[in-house]
Amino acid sequence: MTGTYTENVQRRCVLPFEALPSEVRLLRRAAAAQLSEWGVPAAGDAAELVVTELATNVIKHVGEGSAATLILERKRERLRVEMHDKARSLPSLRAADCDAECGRGLHMLAAMAVDWGAVTTAVGKAVWCEIELGQDVGCLRMERAADALESYRARSGTLPQGQCDAVLTESAVELIADLLHWTSARGLDPDDLLDRAQMHYEAEAEAA
């Protein structure tokens, strides 16, 4: 593997793949393994979500079996994730209603990443995003969870403070259920997602 290195680029990994649902899990695992090798395994959860969404978009909008390439670059305190394919049409971030499947992926990228974008290339396009590596992972996860649960709670209206914990608990159940629906709709295994989430939680709980 060859690549262009600059002062700010510490690591670079190029992963060509065939855009098939069966390849997405392998691509996620390859990305997680690479981050572990670089010494930033804690970024694996966010990176796997981003890789899944980008790869799924290639399958849906470019076509199953099309050639694509995932590029990972570690730049100081950030991880850059790029997905290259042969289609030239650039994605656009538009309002996504609660029942719409299309458009949610880009909103997720925008929410998780510190920066993102899409550019044309000599053979097609590249969609990229950058994930912050310098933040405390535990705090970052708590912040993401709190933001998501508050969004769910807001749909129920303002409730007395004494009921807040119960409402957030129910919102957490609804959020997990929605994530399982999202997983299944993309041809992934909901049980596998739950198992991996439980393993991540138990491993971090033991390390704490």
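A nonpolar core is a set of buried Ala, Val, Leu, Ile, Met, Phe, Trp, Tyr and Cys residues joined through side-chain atoms within 4.5 Å. The exercises below use this predicted model.

**Exercise 1.** Find which residues of the largest nonpolar core touch the most other members.

Solution.
- Step 1: The largest core holds 32 residues.
- Step 2: L27, L70, L72, L79, V81 and M83 touch the most other members.
- Step 3: Look at the suppliers. β1, α1, α2, β2, β3 and β5 each give at least two residues to this core.
- Step 4: The top supplier is α2, with eight residues.
- Step 5: Take L70 as a case. Its contacts beyond four places in sequence include L27, V81 and M83.

**Exercise 2.** Decide whether E53 and R186, which share a salt bridge, are buried or exposed.

Solution.
- Step 1: The N to O distance in this bridge is 3.6 Å.
- Step 2: E53 is in helix α2, and R186 is in the loop between α5 and α6. They stand 133 residues apart.
- Step 3: Buried means under 20% relative accessible area.
- Step 4: E53 has 2%, so E53 is buried.
- Step 5: R186 has 11%, so R186 is buried.

**Exercise 3.** Work out which residues join D192 in a salt-bridge network.

Solution.
- Step 1: Place D192. This residue lies in helix α6.
- Step 2: Check its exposure. D192 is buried, because its relative accessible area is 14%.
- Step 3: List contacts beyond four places in sequence. D192 touches R25, R28 and R29.
- Step 4: Follow salt bridges that share partners. They join R25, R28, E48, D192 and R196 into one network.

Methods. Residues numbered from 1 in each chain as written. Predicted model: local features only at pLDDT ≥ 70, side-chain atom pairs only at ≥ 80, totals over all residues. Heavy atoms only, no water. Helix = DSSP H or I, 4+ residues; strand = E, 2+ residues; numbered from the N terminus. Buried < 20%, exposed > 50% of the residue type's maximum accessible area, 1.4 Å probe, protein only. Contact = heavy atoms within 4.5 Å. Salt bridge = Lys/Arg side-chain N within 4 Å of Asp/Glu carboxyl O.
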